[in-house]
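Work through the exercises below with the model open. Try each task before reading its solution.

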Amino acid sequence: VIESRAAHPMVALGLFRSRVFSGGTVTMMLWAFGIFGIYFFTSIYLQEILGFSPTKAGLAFVPMALCLALAAGLAGPVYQRLGAHRTVAAGMTVMAAGLYMISALGAGATFASPMPGFVLFGTGSGLMQVPLTNSILHGVPHERSGVASALINASREVAGLLGITVIGAVLRSRQGAALSHGAAPGSALLDGYHTGLLGTVVLVRAGPWSVFLAQR
């Protein structure tokens, strides 16, 4: 039993020698980085900049969630036709496009303004989830699928926390710089929000590259 327990860390580390597993896990982390960041900071933007109530801000995310669920249900046929890496790359690209649209919103946006970006982000996110998870788990030996699944979930949660932390640090840094130059509080927050989301766009856009590198 002691030998079995001691072997678990080595089993986990051994999984990262697989390009499919390591590349897929990096892609999953980039996805989590983006989705945790957009939910957390866009809710602040909707309430602090646009003046939405918490309920109204929550309702604004409903189309994104619905599109995510719908796209996840349709991902199977797309995955079978295009293959896992192309489907995941397409999903990440659509996510990045939606995120960029959201990052361009200003202080005069309405309830409908973020919807196109939310729809694209949710659709891309749902499209890549199932193929990516299946590809990662099918790329490891069957007896290690439990360890692989646990590592995927753990890395996703860690990336989500990093997303909130890193985007928050960028936002506050940019906000502080704007305030020091005499910007109004609302304008400074918006400036920081835009900068943080643009950084997230870059990271999410890197997702397809990690997918294709894992296939080589």
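The exercises go from the whole chain to single helices and residues.

This is a predicted model, in which local features need pLDDT of at least 70 and side-chain atom pairs count only at pLDDT 80 or more, while totals for chains, interfaces and linings use all residues. Residues are numbered from 1 along each chain as its sequence is written, and side-chain values use heavy atoms, with hydrogens and water left out.

**Exercise 1. The chain**

Task: State how many helices and strands the protein chain has.

Solution. Take helices (H or I, at least four residues) and strands (E, at least two) as DSSP runs, numbered from the N terminus. The protein chain then has nine helices and zero strands. Next, burial: buried means under 20% relative accessible area, exposed over 50%, partly exposed in between (1.4 Å probe, protein chains only). Of the 216 residues, 43% are buried. Last, contacts, meaning heavy atoms within 4.5 Å. Among contacts with a separation of 6 or more, 80% join residues 24 or more positions apart.

**Exercise 2. Helix α4**

Task: Compare the span of α4 with its expected value, then find its bend and its cover.

Solution. The expected span is 1.5 Å times one less than the number of residues. Helix α4 covers residues 62–82, 21 in number. Its end C-alpha atoms lie 29 Å apart, close to the expected 30 Å. Now the bend, which is the angle between axes fitted to the seven residues ending at a residue and the seven starting there. At A75, α4 bends by about 45°, and the proline P77 follows within four residues. A75 is also buried, as are M64, C67 and A71. The cover over these buried residues includes α2 (19–49) and α6 (115–138). Just after α4, G83 takes a positive phi of about 95°.

**Exercise 3. Helix α6**

Task: Why does the span of α6 agree with the expected value?

Solution. Its 24 residues should span 34 Å at 1.5 Å a residue, and the end C-alpha atoms are 35 Å apart, so the two agree. The helix bends by about 25° at Q129. Here too a proline follows within four residues: P131.

**Exercise 4. Two residues**

Task: Is S103 buried or exposed? How does L59 count?

Solution. S103 lies in α5 (residues 84–103). Its relative accessible area is 5%, so S103 is buried. Leaving out residues up to four places away in sequence, S103 touches H194, L197 and L198. L59 belongs to helix α3 (residues 54–60). L59 has 48% relative accessibility and therefore counts as partly exposed.
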